[in-house]
Every structure is written in C-alpha cells, then in structure tokens.
Amino acid sequence: MTKSRDDREEQKHDPGRRKFLKGVGIAGAGAAIADHLWTEAEAKEKASTPESLSGTVKVVLEVNGQKRETQVEPRTTLLNTLRNHLEPAVTGPKLVCDVGTCGACTVLLDGKPVYSCLVLAVDATNKKITTVEGLGTPENPNAVQAAFVENDALMCGFCTPGFVTTISAYLKKNPNPSMAEVREACKGNFCRCGTYPRVFEAALAAAKSSQA
Ligand code: FES
Ligand code: FES
C-alpha cells in the first residue's frame, strides 16, 4: 500500500511522532496489564483476608469461680468487660493507663498476672480469671490483703488491687522471698503515691504469716 502524501509529509516533518505513539501504545498496554494484575492481586488479598468481625459477640468468662456471660464487641478488653459489661460489675481491677504500663488492672489468668487492659475478653474465655475480689473478702482476707491492712500499705489505693494480685501470685511461686525478689516481682506495678516501702514490707509480712 502506498503511503499517502499526508503520511509521507507527516513522517518527514514529524518523524518522532509515530514512534512516540507506538511507545504510548506499548506503555498503555503495559498499564492495562498492570491494572489487570493489580485487580487480581486485590481480589486475592480480599479472598485471603479473614472475615472481619463486627457487632457484638457473646462471651462467657469464668470470673472468681463464677460463669459470667455478656455481649461485647470483639475489640473489648477484659478490663473494660469486667468493669463495664458485667452486672454486677467487677471493679477491683482499676483503669489507670489503659496501655499496659501501670499494673493497676492486674488480674490472674490461670494463676498468672496479666494486664487486663491488654487482653481481649474474647481471648480470656476458657481461662480462670481471678481478680482481687476472688483472693479474699473483707471478712476473710488472704494473707496479702491482711498484710496490706496491717502495714498500712496504701494511700489513695488505686494501685493496691494490682499489687495485691501480683504479690499473691508471686508468693505461690516463691513463698519465702527476699526484699530484692519482692521488688523485682513488683516491677510491673506502679504506685503514684510512692507507698513502695510499705507495699514491700506487707509482701514480706504476708510471706511470713503464710509460713507460720
Ligand atoms: S490500666 Fe492496665 S496497665 Fe495500666
Ligand atoms: S496508693 Fe496511690 S497509687 Fe499507690
């Protein structure tokens, strides 16, 4: 096929244009392929992403030996659930920092101290949850609770449930600790009132009284 004059003229005066358009064609095709791959990748990613939970879910928690049932959002922490989603509420564990730095929210999960502000309620099902209320009562306190009263180991009291819970669990592991060991065991609990000396004395007194 002979090229028209216009074509020849166009090539003569604008030799780069066709090459450029061809290039665009290839690049355009490339973009189309990339688009296609992108869509496929997106589809695969969507297919492999676990279905997100929404709304509320039923949780059954074993708190201080009692089964407690409630509805919470999957993102709800154990601390929030204990304090705000149970009737009657379990308010021993305190909300202070809510980010796992102070220990005021400490509870025992299967006997181990955890920050309940960092545990989801849905992850605490099938575990035994013990709060400070489950360790003893005002009429029948455990050794640590009694020693805190005896040694006047609190001021505002906000940190106290966390310390009592942590120390109670620790004395089960180490019934005859040194002062240095008690201090080490309590390193995840903060007292903003600075009642540490009395807290540690109370822990040692509790250890002694438990052995008596
Ligand atoms: S409230 Fe949980 S660690 Fe401070
Ligand atoms: S007694 Fe007040 S924070 Fe410890």
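Q: Which helix gives the most to the lining of the second largest pocket?
A: In this predicted model, that helix is H5, with 4 residues. H4 (143–150) and H5 each supply at least two residues of this lining.

Q: What makes a residue part of the lining of the second largest pocket, and which residues lie nearest its centre?
A: A lining residue has an atom within 4 Å of a pocket point. The second largest pocket is lined by 13 residues, and Leu 135, Asn 142, Ser 168, Ala 169 and Lys 172 lie nearest its centre. Its volume is about 260 Å³. By class, the lining splits into 6 nonpolar, 6 polar and 1 charged.

Q: What is found around the largest pocket?
A: This pocket has a volume of about 320 Å³ and 16 lining residues, of which Pro 113, Thr 166, Tyr 170, Lys 173 and Ala 185 are the closest to its centre. At least two residues of the lining come from each of E4, H5 and H6. The classes here are 6 nonpolar, 5 polar and 5 charged residues.

Q: Why is one space called a cavity rather than a pocket?
A: In a cavity a 1.4 Å probe fits but cannot get out, whereas a pocket is open. A search of the whole structure finds 1 cavity of 30 Å³ or more, and about 30 Å³ of space lies in the largest cavity. Its lining is made of Thr 166, Ile 167, Tyr 170, Leu 171, Val 182, Ala 185, Cys 186 and Ala 203. Helices H5 (160–173) and H6 (179–185) each give two or more of these residues, and H5 has the largest share, 4 residues.

Q: How do you know how many residues of the cavity lining are nonpolar?
A: Ala, Val, Leu, Ile, Tyr and Cys are among the residue types that count as nonpolar, while Thr falls among the polar ones. Set against the list of lining residues, this gives 7 nonpolar, 1 polar and no charged.

Q: What makes the meeting of H5 and H7 a contact?
A: Contact means heavy atoms within 4.5 Å. The axes of H5 and H7 (residues 196–211) come within 11 Å and cross at roughly 35 degrees, in a right-handed crossing. From H5, the contact uses Phe 163, Ile 167 and Leu 171; from H7, it uses Tyr 196, Val 199, Ala 203, Ala 206 and Ala 207. By class these are 8 nonpolar, no polar and no charged residues.

Q: Why are E3 and E4 said to pair?
A: Two strands pair if there are at least two bridges between them. E3 (residues 106–109) and E4 are joined by 4 bridges and run antiparallel, so they meet that cut-off. Leu 109 stands opposite Lys 112 in E4.

Q: What makes E2 and E4 edge strands?
A: E2 (66–72) and E4 (112–115) each pair on one side only. They belong to an open sheet of 5 strands in the order E2-E1-E5-E3-E4, with mixed pairing. From one strand to the next, the twist averages 40 degrees.

Q: Which strands does H5 touch where it packs on the sheet?
A: H5 touches E3, E4 and E5 (128–130), and its direction makes about 35 degrees with that of E3.

Technical notes. Residues numbered from 1 in each chain as written. Chains lettered and ligands numbered in written order. Predicted model: local features only at pLDDT ≥ 70, side-chain atom pairs only at ≥ 80, totals over all residues. Heavy atoms only, no water. 1 Å grid on protein atoms, 1.4 Å probe; cavity = no way out; pocket = protein on both sides within 12 Å on 5 of 7 lines; lining within 4 Å. Points joined across faces, edges and corners; volume = space filled by probe spheres on them. Axes fitted to C-alpha atoms, helices over the stretch in contact; angles between N-to-C directions. Left-handed = near helix turned anticlockwise from the far one by under 90°.
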